[in-house]
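Student: I would like to learn how to read strand pairing and helix geometry from a set of coordinates. Could we work through an example together?

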Amino acid sequence: MPAKISCAAALGVFDAFEQDKLLEKAQKQGRIMVDRLKAIKAKNKGMPMGDIRALGAMCAFELVTERGGNKPDAAGTKALVAKCLERGLLILTCGVYSDTVRLLTPLTASDMVLNEGLDILESAILGSSGLNPQAVPLDVKVVVIGDRRMYDLLYRYDSDFPKVFKVLA
């Protein structure tokens with residue numbers, strides 16, 4: 001009996017992917033993020049960016065020590081994570097040298113939410129305070145793009161993590 005239930009659930013997932021056109025949405029989100037990251041990099045301001053890559057809605061970019069270079073900047077990446085968190089955006093680092101930022105937006109996120117997160121990321125990379133003050137109300141310490149599960153996971157491992165948050169989805 002459990003195998004029948006598991007198979008039915010799996011078929012339901014396949015149906016949702018087809019009906020909601022989730023593969024097309026993943027490709028669209030990836031294009032939006034890559035285009036925006038390339039535009040930020042082309043400004044030649046703020047933190048130097050290296051390689052930008054994507055597979056569907058999963059995008060990554062590297063921070064390097066100088067423009068046009070390829071020396072990993074783990075310290076800069078750590079600083080970017082802190083800048084984004086101060087502005088209310090939670091981003092993840094990865095990579096052998098801890099110099100890569102990975103962006104993986106939920107497929108349920110609207111274009112407006114995606115662009116709001118990219119606006120925050122851009123202001124952190126460029127070092128500007130160009131964040132719309134209404135984008136993150138003063139009582140909100142963390143904006144989690146997606147759902148509360150990631151926030152709950154982080155809070156479980158770090159009780160100093162801010163307790164006030166806003167979920168954008």
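Tutor: Let us begin with a definition: two strands pair if DSSP finds at least two bridges between them. Bear in mind that what we are reading is a predicted model.

Student: In which sense do strand 1 and strand 2 pair, and over how many bridges?

Tutor: Strand 1, residues 49–55, and strand 2, residues 58–63, pair in the antiparallel sense over five bridges, and within this pairing L55 of strand 1 stands opposite M58 in strand 2. The two strands form a hairpin with two residues between them, and G56 in the turn takes a positive phi of about 65°. As a general idea for reading side chains, those of a regular strand alternate between the two faces of the sheet.

Student: Where do these strands sit in the order of elements along the sequence?

Tutor: The protein has five helices and six strands, and along the sequence they follow the pattern α-α-β-β-α-β-β-α-β-α-β.

Student: Why does the span of helix 2 agree with its number of residues?

Tutor: The expected span of a helix is 1.5 Å times one less than its number of residues. Helix 2 has 21 residues, residues 22–42, and should therefore span 30 Å, which agrees with its end C-alpha atoms being 30 Å apart. Just after helix 2, N44 has a positive phi of about 50°.

Student: Which residues of helix 2 are buried?

Tutor: Buried means under 20% relative accessible area; in helix 2 the buried residues include L22, A26, I32, M33, V34, L37 and I40, together with Q29, G30 and R36. Across the 169 residues of the protein, 35% count as buried.

Note on methods. Residues are numbered from 1 along each chain as its sequence is written. This is a predicted model: local features need pLDDT of at least 70, side-chain atom pairs count only at pLDDT 80 or more; totals for chains, interfaces and linings use all residues. Side-chain values use heavy atoms; hydrogens and water are left out. Helices (H or I, at least four residues) and strands (E, at least two) are DSSP runs, numbered from the N terminus. Buried means under 20% relative accessible area, exposed over 50%, partly exposed in between (1.4 Å probe, protein chains only).
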